[in-house]
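Student: Hi! I've got a protein open on my screen and would love some help reading it. Can we go through it together?

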Amino acid sequence: MSGEPRWDVAVVGAGPAGSTAAALLARRGLSVVVLEKSHFPRFHIGESLLPAGLSVLARLGVEPHADAFLRKRGAEFLCEASGRRGVFSFDGALPGLPDHSFHVDRARFDTLLRDVARAAGAEVRHGEAVLEAELDASDAVHVRTASDRLAARYLIDATGQDRLLAQQSRSVEPYRAFGAAAVFTHFAGLRREALDELGPGFAIRVLLRPDGWGWIIPLPGARLSVGLVSQERATHAQLDALLADPLAARCTAGAERLATHVASNFSYRNTASCGPRFACIGDAACFLDPVFSSGVTLALRGAESLADAIGPALQAGTETEPGLLDAHRRSMDRAYRTFGALIGRFYNSRFAESVFLGDTDGMPMRAGVLSVLAGDVWRDDNPFQDQLLAARRGQG
């Protein structure tokens, strides 16, 4: 063990959470190594950001260039069977956040964040899958890959749905009432007519369907992401049926369909997401049904919160101090509970129809709903969020 390379922080995973944490910690002068199993650029889902994450990108110095970012104004919920729809623009939310966000090409977006981490001084190693993390040593954590062993004073698990530490400790707790599987694809070379219909606000379209819900997300470069989430299992046939519906058919007419992907076993929380010398962030800590596009934003904000907590402690040598992550844990728990309660209500069709498809213009709760949809879930003056949290507590 004494001959192992020793770092202040080892980060497993170079996605948005891992790269953000690595960049912020390396900027403090800490030695940071990032171990990423994939080679970038690589395909990834989770392409719609919320306004609440833009402050983190600004802090990192990330510029929203057109090749990776497409500006969006909000979300539109549709039920094509009934013809009902509801439009939610971020500019109607409670004050405090930008009035827009972005859809992103994740291959370029993740590479941008990785490059920020490198520029800050972090060493990023691709093709390094972590096989095991040993957390029982009192003075360090030890990480083993196929080709190396290394030690660090602190370990950050940002492995996404691979959830390295949760799998090791068997601390995955599924959300049974949320989505269980997704099937999705991309289209390239959208026609001008499709771009005109999707713009100018380029809102994400959330399609309410009997077999779950679907999404249509415009992407940079005249591309489109289309997919479906089901509470049971998601099949190619379900996706084909969604693509045959009027809006999707119009938007994809004449475009090139790319590979189809299926993902399952998601919507869960990690019940042991932090401890002495380690913490999990992003999807490694919690993954909620993606209906409200919260994943990347929670990853960015969670990584920032963690880095701001452990960075000064690592510099002072107090990284094992009891209670170090108490405030971070409360902050993220508030976010997870808020979105969890909203997702739970979404799957209640009456709530979805009355709020997302109903006429809520001018209603006092509308600004509060929009604030939650914008990811502004850390404020204390939103009665709608208070209702969600109170209902969540009542459900245990």
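Student: How much surface does the protein expose, and what share do carbon and sulfur atoms supply?
Tutor: About 16,200 Å² is exposed, and carbon and sulfur atoms supply 50% of that area. Keep in mind that this is a predicted model.

Student: Okay, and what percentage of the residues is buried?
Tutor: Of the 396 residues in the protein, 57% are buried.

Student: What about the overall dimensions, how far does the C-alpha trace span?
Tutor: Along the principal axes, the trace spans about 65 × 45 × 35 Å.

Student: And how does the radius of gyration sit with a compact globule?
Tutor: They agree: a compact globule with 396 residues would have a radius of gyration near 21 Å, and the protein has 21 Å.

Student: Cool. How many helices and strands should I look for?
Tutor: Look for twelve helices and 20 strands.

Student: When residues at least 6 apart in sequence touch, how many of those contacts join residues at least 24 apart?
Tutor: That share is 74% of such contacts in the protein.

Student: Switching topic: where are the charges, on average?
Tutor: There are 43 positive and 46 negative charges, and the mean positions of the two sets are 2 Å apart.

Student: Now some backbone details. Which peptide bond ending at P41 is cis?
Tutor: The one from F40 to P41, with omega near -5°. You'll find P41 in the loop between β2 (32-36) and α2 (54-60).

Student: What kind of peptide bond joins G199 and P200?
Tutor: A cis one, where omega is about 0°. P200 belongs to the loop between α5 (192-198) and β13 (204-209).

Student: My notes mention phi too. What is the phi of R163?
Tutor: Phi of R163 is near 40°, which is a positive value in a residue other than glycine. R163 lies in the loop between β10 (149-157) and α4 (164-169).

Student: Is R163 buried or exposed?
Tutor: R163 counts as buried because its relative accessibility is 10%, and the cut-off for buried is under 20%.

Student: And what about R170, what is its phi?
Tutor: R170 has a phi near 55°, again a positive value in a residue other than glycine. Its place is the loop between α4 and β11 (172-174).

Student: So is R170 buried or exposed?
Tutor: R170 is exposed, because its relative accessible area is 79% and exposed means over 50%.

How values were computed:
Residues are numbered from 1 along each chain as its sequence is written. This is a predicted model: local features need pLDDT of at least 70, side-chain atom pairs count only at pLDDT 80 or more; totals for chains, interfaces and linings use all residues. Side-chain values use heavy atoms; hydrogens and water are left out. Helices (H or I, at least four residues) and strands (E, at least two) are DSSP runs, numbered from the N terminus. Buried means under 20% relative accessible area, exposed over 50%, partly exposed in between (1.4 Å probe, protein chains only). The radius of gyration is taken over C-alpha atoms; the globule rule is 2.2 Å times the number of residues to the power 0.38. Contact means heavy atoms within 4.5 Å. Accessible areas come from the Shrake-Rupley method with a 1.4 Å probe; for residues, only the protein chains shown count as cover. Lys and Arg count as positive and Asp and Glu as negative; His and the chain ends are not counted. The place of a charge is taken as NZ of Lys, CZ of Arg, CG of Asp or CD of Glu.
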